[in-house]
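Me: I'm new to this one, so could you walk me through it slowly, one piece at a time?

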Amino acid sequence: MSSDKQAVSTITIAEWIPSKDVREYLLEKGRVFTDFEKATLIYNHSGMCYEEKLLKLKELMEITNDASLKKQIRERIEYDECFLKSYRTSIDDCRGRFENAYVEIPHPFRNGDLVKVKYNSALEGETCIVECLRDATQNQITSEQQAVIYDYSDVSLRVAYIYDAARFGHEHVKITDVEFALPDETNPKYRILHCAKDLLSGRGGLSDLQFLCDEYCRTQENGR
């Protein structure tokens, strides 16, 4: 084995999955990713710049035994380096390529969990709530469905967050960027978040949530 290939073999799961909580859950469940899936995760990594992604894809291309993936990575690199517009159309319109493939990623999150989202400027510093999460049986899809219906945008969670006058918004975020949020009672939104968490978990009442939202708004107004 060459020295270059020895260096390549150091690529770790931390370089595909930014979230420490998702990494730990995947290791616990024994989820093994194919080289094709690793390429998809690297290409869509929120925390890597283009040069870092390019380096990791080149490293993966050197060690993989997947001839089709080697060809796809080489094509992507050639396109990205040459900026051939006509070539881009032929590549990006082709189904089943690694760049936008669906990757099944088991995760530990459930409806009502309080989470943080990495590498998302819209949610920077926000504590969010997982919502509208399908149960395990709804998440089961066939490989044929993955190839035809789903793409990498479906490897996501919907999370709600509080903005302005105690209003709730939501974002669809990559599972690989989500981590559990630590309790923070100094956060002025803390009580609202926990009340909303209780509602999503089947406890509490809407009037309790409304009261806390009104209280938050009064506090914000008095603080100005």
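Reply: What follows goes through the sheet, a helix that packs on it, and then the nonpolar cores, keeping in mind that this is a predicted model.

Me: Let's start with the sheet. In what order do the strands come?

Reply: The sheet is open and has five strands, which run in the order β4-β3-β2-β1-β5 with antiparallel pairing. The strands at the edges are β4 and β5 (178-180), and each has a single partner strand, so one side of each is left without a neighbour in the sheet. From one strand to the next, the twist averages 45 degrees.

Me: And how many bridges join β1 and β2?

Reply: There are two bridges between β1 and β2, and the two strands pair in the antiparallel sense. Within this part of the sheet, Val 115 stands opposite Cys 128, which belongs to β2.

Me: OK, what about α9, which strands does it touch?

Reply: Helix α9 packs on the sheet and touches β1, β2, β3 and β4, while its direction makes about 10 degrees with that of β2.

Me: Which of its residues are buried?

Reply: In α9, which spans residues 190-200, the buried residues are Tyr 190, Ile 192, Leu 193, Cys 195 and Ala 196. What covers them includes the strands β1 (114-117), β2 (128-131), β3 (156-163) and β4 (167-174), and also the helix α10 (206-222). After α9 comes Gly 202, whose phi is positive, near 90 degrees.

Me: Switching topic: in the largest nonpolar core, which residues touch the most other members?

Reply: That core has 36 residues, and Ile 73, Ile 105 and Val 159 are the ones that touch the most other members. At least two residues of this core come from each of α2 (20-29), α3 (35-43), α4 (50-63), α5 (67-82), β1, β2 and β3. The helix α4 gives the most, with four residues.

Me: What does Val 159 touch, leaving out residues up to four places away in sequence?

Reply: With those left out, the residues touched by Val 159 include Val 115, Val 117, Leu 123, Cys 128, Ile 129 and Val 130, and also Gly 169, His 170, Glu 171 and Val 173.

Me: And what does the second core include?

Reply: The second core is separate and has 13 residues, among them Ala 166, Ile 192, Ala 196 and Tyr 216. Of these, Ile 192 and Ala 196 also appear among the buried residues of α9.

Me: Last one: what's buried in α3?

Reply: The buried residues there are Glu 37, Lys 38, Ala 39, Thr 40, Leu 41 and Ile 42, and what covers the buried residues of α3 includes α4 and α5.

Notes
Residues numbered from 1 in each chain as written. Predicted model: local features only at pLDDT ≥ 70, side-chain atom pairs only at ≥ 80, totals over all residues. Heavy atoms only, no water. Buried < 20%, exposed > 50% of the residue type's maximum accessible area, 1.4 Å probe, protein only. Contact = heavy atoms within 4.5 Å. Core = buried A, V, L, I, M, F, W, Y, C linked by side-chain atoms within 4.5 Å. Pairing = 2+ DSSP bridges. Axes fitted to C-alpha atoms, helices over the stretch in contact; angles between N-to-C directions.
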